Protein chains: 2
Amino acid sequence: MRLSKYFLPVLKETPKEAEIVSHRLMLRAAMLKQEASGLYAWLPLGYRVLRKVQNIIEQEQDRAGAIELLMPTLQPADLWRESGRYDAYGKEMLRIQDRHERDMLYGPTNEEMITSIFRSNVKSYKDLPLNLYHIQWKFRDEIRPRFGTMRSREFLMKDAYSFDLTKEEAVKSYHRMFVAYLRTYYRMGLTAVPMQAETGPIGGDLSHEFIVLADTGESGVFCDKALLDQPIPPKDVDFDGDLTSYVRDWTTMYAATEDMIDMDKFQSEVPEDRRIEARGIEVGQVFYFGTKYSEPMGATVADANGQEVPVHMGSYGIGLTRLVPAIIEASHDDDGIIWPVSVAPFELALINLKAGDEECASTCDGLYKQLENAGIEVLYDDRDMGAGGKFATADLIGLPYQMIVGPRGLKNNEVEIKNRKTGERTNVSLEQAVDFLLERIVPERRQDV
Amino acid sequence: MRLSKYFLPVLKETPKEAEIVSHRLMLRAAMLKQEASGLYAWLPLGYRVLRKVQNIIEQEQDRAGAIELLMPTLQPADLWRESGRYDAYGKEMLRIQDRHERDMLYGPTNEEMITSIFRSNVKSYKDLPLNLYHIQWKFRDEIRPRFGTMRSREFLMKDAYSFDLTKEEAVKSYHRMFVAYLRTYYRMGLTAVPMQAETGPIGGDLSHEFIVLADTGESGVFCDKALLDQPIPPKDVDFDGDLTSYVRDWTTMYAATEDMIDMDKFQSEVPEDRRIEARGIEVGQVFYFGTKYSEPMGATVADANGQEVPVHMGSYGIGLTRLVPAIIEASHDDDGIIWPVSVAPFELALINLKAGDEECASTCDGLYKQLENAGIEVLYDDRDMGAGGKFATADLIGLPYQMIVGPRGLKNNEVEIKNRKTGERTNVSLEQAVDFLLERIVPERRQDV
C-alpha cells in the first residue's frame, strides 16, 4: 500500500480524554475514532489488526473442531425470558422496541440463542460432541465506558458454545478450548496465563480467565515464574486425543489475580525466587456450566438408552476489540506501538528518505514490487515530505520492520533495515534486502508453530 | 470437513412460511434459521457462502482503490440531526435510548458517519480522491419482512463512500466502483445488468442499479440482448486510467426495470430479435449525490487556491445477505441449489456409497487427504447411512461436484464424478481423479479473470 493513497490521519498531539497508553496510541496512530461514548469506528490501520486477530482466532477454533456460524446482533426478548435472564440482567442490557412494539435486545452474549439453535436441530447423543462459535458485535451498556475499546459498549467477541452428553465429555470440550486459547494468544505474541475465575452471571462451577501480562495492566497478578515456561501445545496437537496433560501443566502451579489471591497459599506453594507479582489484563474466559441453560430451555438429546437428557454446556469467550489494546499495552515504548509480526497491520514500512530524488524513488518503486511479490505486507511511505515525519509515523504505528532508502546508502548499493522492537539497524545490500527480511519475518508470523 | 463432525441439520420438509425458492432452499439446506421476524442466524453452511461473497467483494473493492474500515452498528442521533435525516427517516429507522436516555439508532446506512470521519481528518484537496468502505450489519425496520434474507431487517451490506474535489473527479470515482461491481458479480457467476435508477432517499442525480437476471426475480426487466455479451473488465484493468469505455459499453444499450420502462423507447431502440423481457433482482446500487451531505455537515477541503469547498460524494452499496439468495434464485433446480464454484460452501461432495465397507472407507479417507492437499474444499459424507439420503443431501446443498465412491467402481479402480449443474457423470480412475477435478474447478473459481 502506498501511503500517499492510504487513509492514515495520525495525530501529532496526544488526545486528553485517553487515560491509558493503548487508548492514546490507538487514537494517535489513527486506528480508532470515537463516534459516541463507548462507540468506535475502526479506521483502516486498526481494522487490519482486528482482522488479523480474527483470522488467528478462527484458525485455532477451527483446528480445535469448533464450527463457525453467525447469529444476529438483535435478539427477541422472549428467548431471554425462557432462561430467566431477561429480568435478571440489569441496565447493561440494551433493550429495544421495534415498530410493532415487540421487545428486543442487543445481545450482550448468546447462551440463549445458541441453545435454541441446538434444541431445534439436535436430537441424538450421536451428534455430540458439538461446538459452535461465532464472531459478532455485542453491546453492554456500561455506565461509564472508558479506556477506548478495552471497555467499549459495542464490542466484537468470539463466543463458542459446547454441547456434550455428560460432564466428563464436557470437560474434554473445555480442554479443547483451553488448548486452543493457549495457542491463540501465543500466536499473537502474548504471554497469557490461565487463572481460576469466578463464573459470575454466566453460571457454572468451572472457569478460567486468561490474563495477559503487561506492565500497564488493569489488575495485579500473582504467579509462579515457572508457569511462563510451560510448553505451548504444537500446531499438530491431537484434539481428538487426551489433552489433560497440557491443561495440567498450565493449571497446577499457583496463579491468581488480586481478587482471588490467597497470600498464604501463594507463599507456601511458590518458592520465594519464583514468585512473580505483575500486572495483567483479562483477554478471555472459559466456562463449564452444565445444564444451567439446557434444563430450563429444554435442550435435550436421546441418550444410548433412548432417555431424554439435558446436555452439558460450556461457553468460551475472547473479546477481539479488547485484545487489540491488550496487545499494545503489552508491547509499546515511548515512540509508539511495537506490533508482533503476526498481528501487525503491515509487516514493513518502506521509507523513501528523499522525496523528489529520482534514484531514491525508482529504487523504492522497484523494492516495493519485489517485496510485495515476496509476500511481505508493505506500507510504502512515498509521501512528499521530510524524513523526520516519516520516521516518527513509522515508529508510532509500530510496523515490525523499517526499510530506509536514502541517497547516501544507495551510493554503496545499500539500504538500512531497522528492527522496531530492538532498535537494531543493519545495512544490507539491495540484492540481499528481500531475503534478509524474509528470514526474519516468516518465522515471526508464527503460522507454523 | 467430515460431515459426521459437521453441523448440517437439513430439513426433509419444505417450510411453509417460505414464499420464494431461495428462502425455501436456504432453510432446507440448513443455511439459515429464523430467530424473529426479519432476523436470521446464518448456520455454518450459509455462513461459508456469506464469507466467500464477502471475500470477493473485498478483493474487488481493494483492487479499485477503496480502503476498508469499520464503523459501529449503533450511531448517535445527533449526527443524523445534522443532515436533517433523523426526522426525515420514517419508522424504518430503529431508534434506541441508552441508559442515560441519549438518542441513538441502529444504522440503516452510513452517509452521515463517514462524512464526520472525513471532515475530522481530511483538510486538503491533495488527499483526494478518497474512497472508504465497510462491510457491517445494518437494520431497517421493514413493516413486513419476508423472503428470508432477501428482505430481512438486520442485513449485511458493503457500503463505500467516495470523496472528490469536483464533479468531474467524482464521476471517475463512480466509474471505478461501476467497473468493480461488474467484476464482482461476474466472479460470483452472475449476469448482472446495470440500469439507470431513481436515487430515492439517498439523493443525487446519477445512479445505477445492478440487476441479476433470474427467472424467479421480483421485478420485470427489459433490455437489449447484446448487453449480455458486453466484455467484463479484466483483472488487470487500470483503475487509475480512463474507464469511460467500459461504462459506455454497459450503459448505452437500452435496459430498464418495469418501474422505469419507456416502451416506445425500448421498441424503437432495440431491434425486435434482441428484445429481452426477463425477471431480475436488484443486488446493488451506486449513487453520485454531489454535496448533499458535505454541505450541511461542513465536509470541506482547501482547493489549490486555498479556498474551502464542499467535497463531491458518492455512495456504493451491495447487500451481501441479499446477494446469497439472489445467487440461488439464479441457479437452482428441483433437487436444490447449484452453486457456482466461486461462492460454493465447499467445492466437492465426497460420497462414500457404502458405509461400513472397509475398502470404500479407506479409499475415501485417502482421497479426502489427497483432495485437501490439492487445495480442493471437500465436504466428506462419511456418515453411516444409505446412499439415497447422501445423494439427496449433496444435490440439495448444491456443491458443484460430487465424487462418488462405491464397491462396484472400486473393482475397476474407478470413482464416479458428477457435475451438479449439467448432471454429467464421468468414471475416472483413482489415479486421475484429483487432476480431473482440478482441471475443472480451478478455472471456475474465477480468481484470475
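Which residue is the bridge partner of R95(B) in β6(B)? In this predicted model, that partner turns out to be L105(B). The two strands involved, β5(B) and β6 (residues 103-106) of chain B, run antiparallel to each other and are joined over four bridges.

Stepping back a little, this pair belongs to an open, three-stranded sheet in chain B, ordered β4-β6-β5 and with antiparallel pairing. The edges are taken by β4 (74-76) and β5 (94-97) of chain B, each of which pairs on one side only. From one strand to the next, the twist comes to 35 degrees on average.

Now for the contact between the chains. Chain A and chain B each put 57 residues into it. Interface size is often quoted as the accessible area that is lost when the parts come together. Here, chain B and chain A bury about 4,800 Å² between them, with carbon and sulfur atoms accounting for 61% of that. On the chain B side, the residues that lose the most area to chain A are F7(B), L70(B) and R99(B), which together make up 15% of what that side buries.

There is plenty to list on the polar side too. Eight salt bridges link chain B and chain A. One of the salt bridges joins the side chains of K5(B) and D240(A), with an N to O distance of 3.2 Å. Polar contacts across the interface come to 18 residue pairs, counting those with both residues at pLDDT 80 or more. As for make-up, the side of chain B that touches chain A has 31 nonpolar residues, alongside 16 charged and 10 polar ones.

Definitions and conventions
Residues numbered from 1 in each chain as written. Chains lettered and ligands numbered in written order. Predicted model: local features only at pLDDT ≥ 70, side-chain atom pairs only at ≥ 80, totals over all residues. Heavy atoms only, no water. Contact = heavy atoms within 4.5 Å. Buried area = accessible area lost by both parts, 1.4 Å probe. Salt bridge = Lys/Arg side-chain N within 4 Å of Asp/Glu carboxyl O. Polar contact = N/O pair within 3.5 Å; in protein donor to acceptor, adjacent residues only side chain to side chain. Nonpolar A, V, L, I, M, F, W, Y, C, P; charged D, E, K, R; others polar. Pairing = 2+ DSSP bridges. Axes fitted to C-alpha atoms, helices over the stretch in contact; angles between N-to-C directions.
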